[in-house]
Each structure stands twice: as structure tokens, then as C-alpha cells.
Amino acid sequence: VPNPLQNFDWNLRSCGLRGHVTYAPTEEALRDRLHVVTPAGEAWRCLRCGTYAVGAPNASGAADAAPRVLRGKALRDAFILRLLAVERGIRGLGLALIAIGILKFSSSHDVLQQMLDTYLPLVRPIADRVGYDLETSGVVRLIHEALNLKHTTVLWAAAGIGAYAALELVEAVGLWLMKRWGEYVAVVGTAVFIPLEVYELIDKASVLKAVALLVNVGAVVYILVTKRLFGLRGGHAAFEAERHGESLLEVEAAAAGEHPGRHHSPTP
Ligand SMILES: [Zn+2]
């Protein structure tokens, strides 16, 4: 199966959208490796796509202080995780609105209860006149009970949906900011609902449910594998090493014999 994204350059896509990232390090040997003089003027090597961009550097300073640029696979991961973050964010907001709607509905139940309390004394004399005992009839009591029962049930439902909305929003923020805790929350928060989703699909199958299940299983596997969570594929150390290996500045620094302080090799 041909992969349409096989030749897709995530670096160029990002540079096309946001411009090149050029940086003039103060370390001379490193500076020389990133800098050329062309007939059109000075040019600096983009830390993302690696091509030379004519013009003054975006910034300069110690190599340690250079912007952390996502490249290649890390950029693709960031794109996919941010799509997932948007999906989680929309779902979280939708669920929050539903929870708020339920709470409003429950407060209108309170209004119903108040109406019953207000109008019952007014109806009582009429009921008495026709010989109908409201208190022992059970009807009024049943209405009261139904209202009360519904009220607590509704509150529990709102609390549950509200908690789920909060989880989705935390996942969205964590994934968007590309934080490791966000990836853990997303993986665990998604995985715990998968058995329920499978059960629901078996109970009553639908295309939408099947697609949602596939997206969630795919997301869990994707994040687990690419982010090397729970010590998978070497864990956090291997993930950091992979990211450092993709950093142009670090590759060039190593070639120039420079050792920028921040970019020490990760301890296993
Ligand atoms: Zn570039």
C-alpha cells in the first residue's frame, strides 16, 4: 500500500506556515557551521528544515538558550496529538454544556417542587369538600418522591458528566501543551473507557460507536508507542535521546565539538 505521506516533509510544512527558525549561537565553532555569506547577504541555517535562509538570524545567544525546535517525526507527533487535543477539547466543552443543562433542568425540578408546595394548600380545601384526602391518597406523596428521587439522580448524572468533561479538558490541555503528564492522563483516561465502549458496541452496534472506538484504541497505542510511556521502548530516556538526536543544533554542536550545557545525554 503506497503511503501518501511517505515523502511529506513535516519540517517544510511547518517552515512554510510559521517561517524558518534561525539562531546565531555565541559559540564561534557552532556559529560557523550554521552561517554562510552569500552574494545576497548573510544566510543562517534553519534549525527546523536545515536550509539556509537569507537575512539576519531571528535571535542569537548561547546555544543552551536556543529555541527548542520540533523536527521530523516529533513535528508529525505534535500535529497528531494537537488534532487529538482539539477533539478532546470539543468533546469536553460539549459534555460540560450537557452537565450545565442537566443542572438547569434539575433546578427547574425545584421550581416544580415549589409550585407543588405553593398550590397544594390552595387545592386542599376543594379536595376536602369533595371528600378526597390528599395526604393519605398517596398520589401527592408519590409525586413528591418522584421529584426527590429524580432530583438526586439528576444531580449524580450531572456530577458524573461534569467529571468526565473535566477529564477530557485536562487531556486536551495536556496534549496541546505536549506535556508528558498530559500524555499519561490521555492514555489512562482513554483506556479506562475502552471496555465500556466495547460493551456498548456489542450491546447496540453503530458506525459512529465503532469509529469512536477505533480512534480511541488508535490514540492509546499511538501515544504509548511514540511517547514511550510506562518504560515502553526504553521509556523516557530513549524518548529524550531520540528528540536530541533530531535536534540540528545538537548535531552540529557535536560535530563542532561544542557541548551546550543543557543538552547533556540523558541518564538511563
Ligand atoms: Zn525552515
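These questions and answers walk through a predicted model.

Visitor: Which protein atoms are the donors of the zinc ion?
Guide: The donors follow the spacing C-x4-H-x25-C-x2-C along the chain. They lie 2.1 to 2.3 Å from the zinc ion. They are Cys 15 (SG), His 20 (ND1), Cys 46 (SG) and Cys 49 (SG).

Visitor: What arrangement do the four donor atoms around the zinc ion make?
Guide: Ideal angles for four tetrahedral donors are 109.5 degrees. Here the four donor atoms subtend angles of 100 to 115°. Four donors count as tetrahedral if all angles lie between 85 and 135 degrees. The arrangement is therefore tetrahedral.

Visitor: Which helix gives the most to the nonpolar patch?
Guide: The patch lies on the surface and includes Val 86, Val 170 and Trp 181, among others. Two elements give two or more residues to it: helix H3 (72-129) and helix H5 (139-176). With three residues, the one giving the most is H5.

Visitor: Is Val 170 buried, partly exposed or exposed?
Guide: Val 170 sits in helix H5. Buried means under 20% relative accessible area, and exposed means over 50%. Val 170 has 38% relative accessibility, so it counts as partly exposed.

Visitor: Arg 228 has a positive phi although it is not a glycine; is it buried or exposed?
Guide: Its phi is about 55°. Arg 228 is in the loop between helix H8 (207-226) and helix H9 (235-245). At 10% relative accessibility, Arg 228 falls under the 20% cut-off. So Arg 228 counts as buried.

Visitor: What is the phi of Arg 233?
Guide: Arg 233 lies in the loop between H8 and H9. At 43% relative accessibility, Arg 233 counts as partly exposed. Its phi is positive, in a residue other than glycine, and is near 50°.

Notes: Residues are numbered from 1 along each chain as its sequence is written. This is a predicted model: local features need pLDDT of at least 70, side-chain atom pairs count only at pLDDT 80 or more; totals for chains, interfaces and linings use all residues. Side-chain values use heavy atoms; hydrogens and water are left out. Patches are made of residues with over 30% relative accessible area and no salt bridge: like charges are joined within 9 Å, nonpolar side chains (Val, Leu, Ile, Met, Phe, Trp, Tyr) within 5 Å. Accessible areas come from the Shrake-Rupley method with a 1.4 Å probe; for residues, only the protein chains shown count as cover. A salt bridge is a side-chain nitrogen of Lys or Arg within 4 Å of a carboxyl oxygen of Asp or Glu. Helices (H or I, at least four residues) and strands (E, at least two) are DSSP runs, numbered from the N terminus. Buried means under 20% relative accessible area, exposed over 50%, partly exposed in between (1.4 Å probe, protein chains only). Donors are N, O and S atoms within 2.8 Å of the metal (3.2 Å for Na, K and Ca); water is not among the atoms, so sites may look incomplete. Four donors count as tetrahedral if all angles lie between 85 and 135 degrees; four count as square planar and six as octahedral if opposite donors are over 155 degrees apart and all others between 65 and 115; anything else is irregular.
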